[in-house]
Amino acid sequence: MFRRILMLMTMLIGGVVVLAPQSASAHHPEVSGSAECNDDGSWTITWTVRPWANQPNYDWKITSSNADLYSPQGRQQAVGSSRFIRTEVRPATDQWETETVSASWYDGSRHIAGGTRTSARVYRPDGCTSNWTYPAPDCSALTVTYPEWLPAGQANDVNVRIENLDNPGEKITLNFHNDDGDWSGTQAFEFASHPNWPGWTYFQVEWAQVAGTNYHWEGEVSCGQPTTTTTTTTTTTTTTTTLPCEYNPQLPPGHPDCVPPTTTTTTTTLPCEYNEQLPPDHPDCVEPTTTTTTTTTLPCEWNDQLPPDSPDCQPDVTITVICAELSVTDEFETYWYEVTNNEDVTLEVTWAGGSVVLDPGASKIVGADQNGVAISVNGEIVATADSLDTSSTDPATNDDICQIDVEFTKDVEGPGPDADTLYTIKVSRLSVDGEVAEFEEEVTFDLLDNESKIVPLPSTMNPLGIEYKIEEIADGGASLSAVNPNSFVLDGHRGETISVVVVNSFASVEIEKDSSATTVFEGDELNYTLDVTNTGVLTLDPVVVDDLLPAGVTYVDYEVEGDAGSCSLTQAAKPQLVTCTFDDALAPGAEAPRITLLVTVDSIDPGEQIVNQARVRGTYEAPEVNGNANFLDEAAGLSCEPTEGEVCDMSPRAGVTGGTPTTTSTASGGPTTTVVGSNSATTTIAAELPPTGSNGTNTMVWLGALLLGAGAAISLLVRRQTA
């Protein structure tokens, strides 16, 4: 059964930090960062590293990081306020910066833990590259110094608005556009050189806009003097002259011929005042109606500081690169981006092969087939993403590949092999081709006991994720091998580290055997004691002891300490086989109740040795019937051939030797052996005496006579010295 591992991935707009919400392993530092813009377009990051929240009251310190030293240096106590801080300045051309930190924890001088890496990424705030400034214009020109890091296509347009102060309200916007490319360095945009300059001598510069920055200059720069109007006044002097005759200037006024002449009046009719083709009294001779047409030009729909025909008049939509996805054949097949609608209206954003509808202020993660894709609104390109690094397909060396770190740890429990034994781990990735789905090898590597290794595995931003299977293909002969988890699904980029632990458990059992005497005679009773210990880390159940008795003894009875088991004669013919089974499971490290077997010595020659050896079998997993489990060979004895899920051990050989009769004394004079008899009764057995008249008796008679003679000689010698 596969288990999905969900990962929270927070994307960043305007300098927000992308952080792993938690680490997949204990004793890890927690990294966060914040960013702010500088006036020159660069941006400053403040990194903060805090201790693992679940391990207070220990000392800790940073052991490695990307660059500068953190403050303070050395150890701190891992309390709630404990933290390390450093700052760094990044150029305007950097879109993000990643910090990877390792830390170690100490209890006094003892190193507790360390080495786990934690990473965080901080993105450049949006305003850093779009709010650079320029000085105010003067009366002749607007002078702009363009930043070196300004992207192509953003330094080719300038607008300046000027008002005619001789005729207030009359304004003109001068547009300077570079049709051949971008301006760079310092450029002066002179008003008088513009083809649309009206030649005003008294004006005011009130607004300027430069493509490539969101900063707009506004102010009042007055230039020139008002135009002077000269009015000419004509004075007319009237002189009155009296003529001699009113009607004839050649006559004096009193002349009799100074009489009024005959007058003929001629009337001239002027045409219509408003239409000379009409008489003045025509009904259509009326004053015409004057119609005034006012044309209002609206500003740019997306930026009211720009004219509608400005090349920068476009919606504010941004696209940020995330990562490139690797296929199972190590080919780049999908490039992932985050698209954000910064406008207050819903927009449909399109690109080659795809589209998405974004609500106001919304962001979405999208995949495209093109690296460095351009996005459009209403058929016009509004933004182009940076290209991702595709020079390497190794996630360990290329951060632009969609990936998540997986930490593999090896743990060996019990009496395993040597410390330098290598265990091999295989990671396989699910490949789907039509209706066929199969796992293909992604990476294979070796681990030593107690070793941890971080392996970056390819991931995806697709919520369906990539499924992986983990298996151990070389387990060092372990009884049990457990991989936890043995499968997972990866989606997202960076963030938390997934932990995989591979545990190898070894089962083991030992048996010791002893006898109650070292020398026995025919007819003696003898005890064999059997002690079993679980020397592994797995519980054994059932635990079975087999004792193939020597042919010279006969089984009588048994005793299991505390009545914790039972024994039975499973082979009555000699050599007899006794099989004992404990009632309870045997825990790791535990000793089983002692087994005592009572036998009778049937026949044994002086000096002859009979040897007994027992076997113990313990099952730790899935007991299976094994036809050879009780296999014995009269010549070779018991063999230790454990089946699957079973461990086995042979006891040391316990031997006893036949005694040699040395006296004719009563039974009380011979060696004795105390044994546990039938039904747990204690019995004392005397050694068997040799028959009367045997070679042994004659020897004893001669030895007695010799001792009597020696005693008499010593007595005479003592008397003689005394005399």
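Buried means under 20% relative accessible area, exposed means over 50%, and partly exposed lies in between. These terms serve the close-up views below, which come from a predicted model.

**View 1. A disulfide joins C139 and C223.**
The two sulfur atoms are 2.0 Å apart. The torsion about the S-S bond is -90°, and the link of C139 and C223 is left-handed. The pair links distant parts of the chain, 84 residues apart. C139 sits in the loop between β8 (110-123) and β9 (141-145). C223 belongs to strand β14 (residues 216-223). C139 has 37% relative accessibility, so this cysteine counts as partly exposed. C223 has 3%, so this partner counts as buried.

**View 2. C272 is bonded to C285 through a disulfide.**
The S to S distance is 1.8 Å. With 95° about the S-S bond, this link is right-handed. C272 and C285 both lie in the loop between β14 and β15 (317-326), so the disulfide ties together parts that are 13 residues apart in sequence. C272 is buried, because its relative accessible area is 4%. C285 also counts as buried, because its relative accessibility is 14%.

**View 3. C323 and C402 form a disulfide.**
Their sulfur atoms are 1.9 Å apart. The link of C323 and C402 is right-handed, with 90° about the S-S bond. C323 lies in strand β15, while C402 lies in the loop between β21 (380-384) and β22 (403-413), so the bond ties together parts that are 79 residues apart in sequence. At 0% relative accessibility, C323 counts as buried. C402 counts as buried too, at 0%. A search of the whole structure finds 6 disulfides, among them this pair.

**View 4. An open sheet is formed by 4 strands.**
The strand order is β30-β32-β37-β34. Pairing is antiparallel. The edge strands are β30 (509-515) and β34 (553-560), and each pairs on one side only. Neighbouring strands of this sheet are turned by 20° against each other on average, direction ignored.

**View 5. Edge strand β34 pairs with β37.**
Strand β37 covers residues 595-601. The two strands run antiparallel, and 7 bridges join them. At one position, Y558 stands opposite L597 in β37. In the sheet order, β37 stands between β32 and β34.

**View 6. The largest pocket has a volume of about 1600 Å³.**
Its lining holds 45 residues. The closest to the pocket centre are S130, Q154, D316, T318 and V382. The elements that give two or more residues to the lining are β13 (203-210), β15 and β21. By class, the lining has 20 nonpolar, 19 polar and 6 charged residues. Strand β15 also carries C323, the cysteine shown in View 3.

Terms used. Residues numbered from 1 in each chain as written. Predicted model: local features only at pLDDT ≥ 70, side-chain atom pairs only at ≥ 80, totals over all residues. Heavy atoms only, no water. Pairing = 2+ DSSP bridges. Axes fitted to C-alpha atoms, helices over the stretch in contact; angles between N-to-C directions. Disulfide = S-S within 2.5 Å. Buried < 20%, exposed > 50% of the residue type's maximum accessible area, 1.4 Å probe, protein only. 1 Å grid on protein atoms, 1.4 Å probe; cavity = no way out; pocket = protein on both sides within 12 Å on 5 of 7 lines; lining within 4 Å. Points joined across faces, edges and corners; volume = space filled by probe spheres on them. Nonpolar A, V, L, I, M, F, W, Y, C, P; charged D, E, K, R; others polar.
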